[in-house]
Every structure is written in structure tokens, then in C-alpha cells.
Amino acid sequence: MLFAVSLDGNNGMYPLAIFICDCENKENWLLFLNLIKDRLLEHPTPLTFISDRQKGLIPALEIVFPSNSTRFCFRHMYENVKTKHKGIHMKTLAWGASKSYRDKYHKRCMTLMEKHNKNAHQWFEDVPTIQWDISTFDHTSKCEHVTNNFSEYFNSCALEVRCKPIHRILEGLNLKMMILMFDRKMIAKKWEEEGLILVPRVDRIMKNTITLKRRYRLFGSSEYVWCAMNYLTSKRWEVNLS
């Protein structure tokens, strides 16, 4: 069973399509991706595909969606590395390099890793950072995920039906998706009744950002240029709104 899932505006798992075939290979991925290609390309900006690099998927994506980005699930990448390079320090450096929002922090982790374990460092260097490091992700995607746990969640939801006869699989999946969509609609209706302007997850992020703002002071310089100063450290930045 091949499937494609995405994230909705509240960062919830959103199923897009399910494809049942005889085996997982490049040919079947091509069939599946070509079936959903036109609908996915209705999206106004380039897409980003994140996966565990399943058998045949990456070459199929390169054929069907040549101008879109790919990411590799870092959890699976690290699982491959730790079979030969174990240790808490190694794990901390690897995940630190992957989740660095700034290039200098990524480089700092990689430099320490090279000193700690040159072979592990080379293994990561051989994989383009744009596919696993936040600081180099394509800016067309606003998704910061470095794992595809949301597809793993869908996989766990489908476990109880995938071993049944084909008509039972289809019936079971249909009911699961129908219930999921109905529950989401009811929850969203409740948000509207409560007067929420943003979805809850985004609302929390904005409130946290506003809390952090209290450590900064703003000084106008010209119509569109401001000086922001952190009053705890006295560091200053120019903010050009235009």
C-alpha cells in the first residue's frame, strides 16, 4: 500500500491519496505519482517531498516532479548511521546539525563531529545538506520538519486493515478517512464559535513570539527602517520593512 500524506494548517496529518499494488518498486511509484500529479501541481508554489527513500521512490520523483524538492527523513538517516557509530554525544551532534536554523550552528556541530568521528562526519557530508538540514532548506516550503513522522502515523492507522482482503481494506480505509475529515470539520467549527482568528497551533506560536518580543526595544530610524535592540545583551539589528 503506497500513500501520500501532507500537513494541514494546524500541522495535522492530512491524507492525499492511497494506492494498492502488487509490490513497492519504481514502476508502481511512477504509476501512483502520475495519477496524482495534476492535482498536486495545482499548488501555487513548488512542492517538497519528504520520505524514507523507499525502494524506487526517489528516481520516480525525479521523473514525475523534476522541479520540486526532496528531503530525507533524518530519523531514518540517523538509524542507518548509529548501527556503526553509536553514542549519546554522536546522537546530540547529528540531531543538532540537522535542526540548526543557522548555517554557523550547523557547521559548529559538523566540526565537532569530525573531531569526534571522522567516518560518521563523512557519511553525512556525502548527503546534500538541502535534504536534511533546516538551515539550507528550500525557502519555498515553510515546513520545518526533518522527519516524516506524520506518514508513520498514517501507516499505524492503516495497520489493522492492511492484512485483510482487498474489499475490506478499501472499506476500512474509506471509513477511517471519512471519520477523520468529519472530526476535523467539527473541531474547526468549534474554533469558529470560540472566535479564533488563527488555528490553535499557530495561535500558540504567535503568543510565544509576542512573549519573546518583550526583551527587544524598537527605535524608528526612517519610515521603513527600524533599530531593534535586545536590552538584555545590548545587541542591535537594523530592520528594513520594505
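Colleague: Leaving aside its neighbours within four places in sequence, which residues is Ser98 in contact with?

Modeller: Phe74, Trp132, Asp133, Ile134 and Val146. Bear in mind that this is a predicted model. Contact here means heavy atoms within 4.5 Å.

Colleague: And why is Ser98 called buried?

Modeller: Buried means under 20% relative accessible area. Ser98 has 0%, so the label applies. As for its place, Ser98 belongs to helix α4, which covers residues 88–98.

Colleague: What makes the pair of Ser98 and Trp132 a polar contact?

Modeller: A polar atom of the Ser98 side chain lies 2.8 Å from the backbone oxygen of Trp132. The cut-off for a pair of N or O atoms is 3.5 Å, so that distance falls within it.

Colleague: On to α1. Where does this helix bend, and by how much?

Modeller: At Asn34, by about 30°. Helix α1 runs over residues 26–40. That angle is taken between axes fitted to the seven residues ending at Asn34 and the seven starting there.

Colleague: What makes Asn25 a cap for α1?

Modeller: A side-chain oxygen of Asn25 lies 3.3 Å from the backbone nitrogen of Glu27, at the N-terminal end of the helix. With the limit at 3.5 Å, the pair therefore counts as a polar contact.

Colleague: Which residues of α1 are buried, and what covers them?

Modeller: The buried ones are Asn28, Trp29, Leu30, Phe32, Leu33, Ile36 and Leu40. Their cover includes the strands β1 (2–7), β2 (13–19) and β3 (48–51), along with helix α2 (57–64).

Colleague: Now Leu218. Why does this residue count as exposed?

Modeller: Exposed starts over 50% relative accessible area. Leu218 comes in at 52%, so exposed is the right word. Leu218 sits in strand β5.

Colleague: Which residues form the nonpolar patch on the surface?

Modeller: Tyr216, Leu218, Tyr224, Trp226, Trp237, Val239 and Leu241. Together they have about 680 Å² of accessible area. Two or more of the patch residues come from each of β5 (216–220) and β7 (236–240).

Colleague: Why is Ala228 called buried, then?

Modeller: Its relative accessibility is 9%, and the line is drawn at under 20%, so Ala228 is buried. Ala228 is part of strand β6 (residues 225–230). Beyond its neighbours within four places in sequence, Ala228 has contacts with Arg217, Leu218, Lys235, Arg236, Trp237 and Val239.

Colleague: How far apart are the C-alpha atoms of Ala228 and Leu180?

Modeller: They are separated by 44 Å, with the two positions 48 residues apart along the chain.

Colleague: Why is Lys107 called partly exposed?

Modeller: Partly exposed lies between the 20% and 50% cut-offs. Lys107 has 49%, so it belongs there. This lysine is in helix α5 (residues 103–116). Its C-alpha atom is 31 Å from that of Arg217, a residue 110 positions away along the chain.

Colleague: What about the chain as a whole: how many helices and strands are there?

Modeller: Nine helices and seven strands. The C-alpha atoms fill a box of roughly 65 × 55 × 35 Å along the principal axes. Of the 242 residues, 33% are buried.

Colleague: What share of the accessible surface belongs to carbon and sulfur atoms?

Modeller: They take 55% of about 16,300 Å². As for contacts with a separation of 6 or more, 50% are between residues 24 or more positions apart.

Note on methods: Residues are numbered from 1 along each chain as its sequence is written. This is a predicted model: local features need pLDDT of at least 70, side-chain atom pairs count only at pLDDT 80 or more; totals for chains, interfaces and linings use all residues. Side-chain values use heavy atoms; hydrogens and water are left out. Helices (H or I, at least four residues) and strands (E, at least two) are DSSP runs, numbered from the N terminus. Buried means under 20% relative accessible area, exposed over 50%, partly exposed in between (1.4 Å probe, protein chains only). A polar contact is a pair of N or O atoms within 3.5 Å; within protein, one must be able to donate a hydrogen and the other to accept it, and residues adjacent in sequence count only if both atoms are side-chain atoms. Patches are made of residues with over 30% relative accessible area and no salt bridge: like charges are joined within 9 Å, nonpolar side chains (Val, Leu, Ile, Met, Phe, Trp, Tyr) within 5 Å. Accessible areas come from the Shrake-Rupley method with a 1.4 Å probe; for residues, only the protein chains shown count as cover. A salt bridge is a side-chain nitrogen of Lys or Arg within 4 Å of a carboxyl oxygen of Asp or Glu.
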